[in-house]
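Biologist: I would like a close look at a single part of this model. Please take the place where the two chains meet, then add what you can on the fold behind it.

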Amino acid sequence: MMSKKTGRRTRSLVTARRGPSVLMIVGIVVVLLFAGAVGFGVYRAQHQSAAAAGAVPTNAIATGVPVGQASAPNTIDIYLDFQCPVCREYEQQSGATLDGLISSGTAKVVYHPVAFLDRYSSTQYSTRSSAAAGCAAQAGVFPQYVKLLYANQPPENGNGLPESQLISLGQQAGAGGNFAACVSANTFAGWTAALTDAASKGGVDATPTVQVNGKQIDNSDAALRQAVQAAK
Amino acid sequence: MTTVETVAIQHRPAWTWLSTLGRLVLATVWIAAGVSKITDLDASVRAVRAYRILPEIAAQAVGAGLPAVELLLGALLLVGAGVRAGAVVSAALLAVYMVGIASAWVRGLQIDCGCFGGGGALAAGTRPTYGWELTRDGALLVLTLLLARWPVGHFAVDGMLAGRREENGR
């Protein structure tokens, strides 16, 4: 198989004490670049099919779920991951403030349930919970569902919540109809992937990230109140 | 024939075993890094974006291309094919990684290096560990340079080819 000539070249390049193995390096770089190009091609193909299949839930937008009056003067963007303990703490800390701003018509909140932490569960819980939240948005119970998911947040590096519990929590939130089927089919996984990618492209690489009118603020309740106050 | 092979092996000094060990360590690191990334190319692209160095299309190409590159490089080193060239390419890659990490550190970014998957997002409540990441990559860089200087080891395709050449009587 291997010709004598090839063997000699390999030997002289490999065992030479000095001197460049330039040819070999170029060869390996070319092969590696080819492998990289294949990876890139696979990625692009995946994205094109995902974009084609990516349905957006009713009551949601391509990058998240808006809650509150569309005409509200302020927009608060919250990038969260249902697997992220600090996001749960943020909800416990500022949930009431946000609810107040929404109900008074001062602000609308756009929740971006990104899947950054898939590797912290054995079942890609970040993606599954986000896609299920898309089903909840479709069923019109997104805010309640967010609170229930946080209240039942599974520990990191565990198995995540099982599908049956994602469904029962939605029913507890008031979702009916085809909610169970929507979750089982992972219907909005493509939406989750797209909004996660959009967040990443927008420079968000940690959860929770909170922006008031497009400007990132500290994750404290005081900062949130102050930013909304200042915008008035 | 057997005599020639035996002589060839006996002529190899003790450092060839160290070289073999270093080569396998490097191969393991590349394969571990590649496997952890290739299972989630989206996360790999996010990790590259998080450095905020490359434009979007380049971040996609690097993020999606690197896992396959790392896996292949690891495989070549594992079987010992083109060890010196593989070590040189490894050194270049590691140097680029170190520049990226140092740049993230200098700019005060709060990211994970994404070296072994993870999409650049830090786990909850953790701080970046740039110092450790640079130390680790620096140690690996030293290893690659040593391997480039002394690439000849055991259980290597390179060695088998060289052995066959001696069999053929030069």
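How many residues does the contact take from chain B, and how many from chain A?

Modeller: A caution first: this is a predicted model. The contact takes 46 residues from chain B and 40 residues from chain A. Look at chain B. On its side that touches chain A, the elements giving two or more residues are helix H3 (41–50), helix H4 (56–79), helix H5 (83–106) and helix H7 (157–167) of chain B. H4(B) gives the largest share of that side, with 12 residues. Sorted by class, the side of chain B that touches chain A holds 25 nonpolar, 11 polar and 10 charged residues.

Now the partner chain. The domain assignment splits chain A into domain 1 (24–53) and domain 2 (65–231). Taken over C-alpha atoms, the centres of domain 1 of chain A and domain 2 of chain A are separated by 33 Å.

Chain A also has a sheet. This sheet is open, with 5 strands in the order E1-E3-E2-E4-E5 (chain A) and mixed pairing. Its edge strands are strand E1 (65–67) and strand E5 (215–217) of chain A, and each pairs on one side only. Neighbouring strands of this sheet are turned by 25° against each other on average, direction ignored. In general, strands of a sheet pair through backbone hydrogen bonds, either parallel or antiparallel. E1(A) and strand E3 (residues 107–113) of chain A run antiparallel, joined by 3 bridges. One pair to find on screen: A:Pro66 has A:Val110 in E3(A) as its bridge partner.

Methods: Residues numbered from 1 in each chain as written. Chains lettered and ligands numbered in written order. Predicted model: local features only at pLDDT ≥ 70, side-chain atom pairs only at ≥ 80, totals over all residues. Contact = placed C-beta atoms within 7 Å. Helix = DSSP H or I, 4+ residues; strand = E, 2+ residues; numbered from the N terminus. Nonpolar A, V, L, I, M, F, W, Y, C, P; charged D, E, K, R; others polar. Domains from an automatic or database assignment. Pairing = 2+ DSSP bridges. Axes fitted to C-alpha atoms, helices over the stretch in contact; angles between N-to-C directions.
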